[in-house]
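Visitor: I'd like to go through this one by asking what justifies each label. Can you take me round?

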Amino acid sequence: MQQKIAFVGVQWGDEGKGKVLHHAVSCLVGGLSLGSPDLQCRAGLVAVERHNGGCNAGHTLYHNGSRIVLHYIPSGILYPQMYNLCSAGMYLNPSKLMGEIQELQQQGIAITPENCGIAANAHITLQHHVDSDQAALQQERHTSTGNGIRQTAADKYARIGMRFIEFLNKEVMADCLKRMFPDGVPLQYEGYGQYAAKYEKERRFLAPFLVQDHQVRQFKGSRYWLLEGAQGVMLDIDAGNYPGTTSSQITQFPIRPDTVVGVAKLYCSSVGVGDRPFVSQLPADLEEKVRQEWGEFGSTTGKPRSLGWFDAVAARYAAEVADVDYLAGTCGDRLETLAKLDVKPEIVIAYEIDGKKYDTWDVLFHRRDVLHKARPITEKFEPWKSFTEPDQKTLTPAAQRYIDRIEHLVGKKFCMLGTGPQRDDVIVYENIFRREEEEHLRK
Ligand code: GDP
């Protein structure tokens, strides 16, 4: 029986999903190679599928001593045994996707149609989408990364977008452009045919990766199918802080997961707050002090991220929306900085709005004006000089009290906690693969 596991951010993105998934994948490779001799002869026991967003998201991973930032390609690519799928919910800029694949190949990472597929019906971001986003970026205070995602999504849902398989055929692409621009392509992109012809290099490079996603799900990743979410629930276009959301549904999984892991930083960060409320934001001087030390700059935009205390009201809501089974917590080690600054870590346990206290997500919060008025109500905790004891596997008492309180407030247990940025800087509490692995070993 295949186990399907989804990894989803339960904050505003950048929770460390890439690192959590990278660790999980490495456990599978390690565990399987111990327990399962067939790993050597059968590739594709594990697959990783990225199912939403575009290059507006990025995962930062450390692999064999190098820092690797992935915008499109799933984290499974770092292991030759894994199959990687960019599926239909994604928005793909062909030039950037080709660039990312080539760059990874230059770093010695094999990417071939054997280990990587791109879904026929993923939607394509073209240069004019990016240009229009960039122009809007100069004028408005909005949360875009300037990558043309909003414009691609708008075309997709207006049913004038272009699918990957249509992009791969120059004539079909030109026809699609006619629907996008019934009155002619803007001058700078020349004519329909010329605009389509500009992408010849990308077309040739990407064509071999074409797949049908439902079909590869039948044949690849026979034992584990991992869903790698981008962004986080609070950015989901339906569940998140609309209109300060992204243009994807973060919680709409393309297949039904058996297990959902909700990834959360042990504080909050949000890049490009813009028109989005961020109730738990740190006081400006503290935010400024810790941002540099924690490297809190967007991996896609380089923009400084806004930072806040762990927001248990939002995290509980997000965990419920995504139907999370376990939490995975990251960056508790970074909070050691607070001890040096003699600042107590806080957790937002409720919001106060117009004199009323809310300790759960209220229906009113779906209205764009309400959360802008919210004042956080927090609990203070003893700071910890060290997140873990010298064994690196036990939390120090102050850190443990903080974690216990989060579990209580969110109503979910941590299956793992990150203790540093490297893949194996983790404490694992619950082996999310155990049942499957035991079952396999019994056979
Ligand atoms: P993602 O998009 O959710 O994968 O998150 P990003 O990669 O954008 O940002 C998370 C950042 O936190 C990256 O720089 C990671 O290397 C780093 N990170 C993840 N987990 C931990 C952790 O437990 N401790 C520390 N210090 N850094 C972590």
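Guide: We'll start at the ligand, then look at empty space, domains and backbone angles, bearing in mind that this is a predicted model.

Visitor: What makes the backbone of Lys17 a polar partner of the ligand?

Guide: A polar backbone atom of Lys17 is 2.8 Å from an oxygen atom of the ligand. The cut-off for a pair of N or O atoms is 3.5 Å, so the pair counts as a polar contact.

Visitor: Which backbone N or O atoms of Gly18 and Thr60 come into this, and how far are they from ligand oxygen?

Guide: For Gly18, a backbone N or O atom lies 2.8 Å from an oxygen atom of the ligand. For Thr60, the distance from such a backbone atom to a ligand oxygen is 2.7 Å. Both values sit within 3.5 Å, so these are polar contacts too. As for cover, the ligand has 580 Å² of accessible area on its own, and the protein covers 94% of that.

Visitor: What makes a residue part of the group around the ligand?

Guide: A heavy atom within 4 Å does it. There are 20 residues around the ligand, and Gly18, Gly58, His59, Thr60 and Asp333 come nearest. Helix 1 (17-35) and strand 3 (59-63) each give at least two residues to that shell.

Visitor: How do the shell residues divide by class?

Guide: Ten are polar, seven charged and three nonpolar. Gly counts as polar here, so Gly18 and Gly58 go into the polar class.

Visitor: Why is one space in this structure called a cavity?

Guide: The word is used because a 1.4 Å probe fits there but cannot get out. Searching the whole structure with a threshold of 30 Å³ or more turns up one cavity. The largest cavity holds about 50 Å³ of space, so it passes that threshold.

Visitor: What lines the largest cavity?

Guide: Its lining is Trp12, Met234, Asn241, Pro277, Phe278, Val279, Asp311, Tyr351, Trp361 and Leu371. By class that gives eight nonpolar residues, one polar and one charged. Asp counts as charged, so Asp311 is the charged one.

Visitor: And what makes the second largest pocket a pocket rather than a cavity?

Guide: A pocket is an open set of points, whereas a cavity is one the probe cannot leave. The second largest pocket has about 260 Å³ of space. Its lining has 18 residues, with His51, Gly89, Tyr157, Gln249 and Gln252 nearest its centre. Helix 4 (149-157) and helix 9 (213-219) are the elements giving two or more residues to that lining. The class split is eight polar, six nonpolar and four charged.

Visitor: Where are the domains, and what separates their centres?

Guide: Domain 1 spans 124-205 and domain 2 spans 264-429. Over C-alpha atoms, their centres are 38 Å apart.

Visitor: How do you know that the bond from Tyr242 to Pro243 is cis or trans?

Guide: Look at omega: it is near 5 degrees, and the peptide bond is cis. Pro243 is in the loop between strand 10 (224-232) and strand 11 (259-265).

Visitor: What is phi at Asp14 and at Gln392?

Guide: Asp14 has phi near 60 degrees, positive in a residue other than glycine. Asp14 lies in the loop between strand 1 (3-9) and helix 1. Gln392 also has a positive phi, near 65 degrees, and is found in the loop between strand 18 (375-380) and helix 13 (397-410).

Technical notes
Residues are numbered from 1 along each chain as its sequence is written. This is a predicted model: local features need pLDDT of at least 70, side-chain atom pairs count only at pLDDT 80 or more; totals for chains, interfaces and linings use all residues. Side-chain values use heavy atoms; hydrogens and water are left out. A polar contact is a pair of N or O atoms within 3.5 Å; within protein, one must be able to donate a hydrogen and the other to accept it, and residues adjacent in sequence count only if both atoms are side-chain atoms. Accessible areas come from the Shrake-Rupley method with a 1.4 Å probe; for residues, only the protein chains shown count as cover. Helices (H or I, at least four residues) and strands (E, at least two) are DSSP runs, numbered from the N terminus. On a 1 Å grid over the protein atoms alone, a cavity is a set of points where a 1.4 Å probe fits but cannot get out, and a pocket is an open set with protein on both sides within 12 Å along at least five of seven lines; lining residues have an atom within 4 Å of a point. Grid points are joined across faces, edges and corners, and a volume is the space filled by probe spheres set on the points. Domain bounds come from an automatic or database domain assignment.
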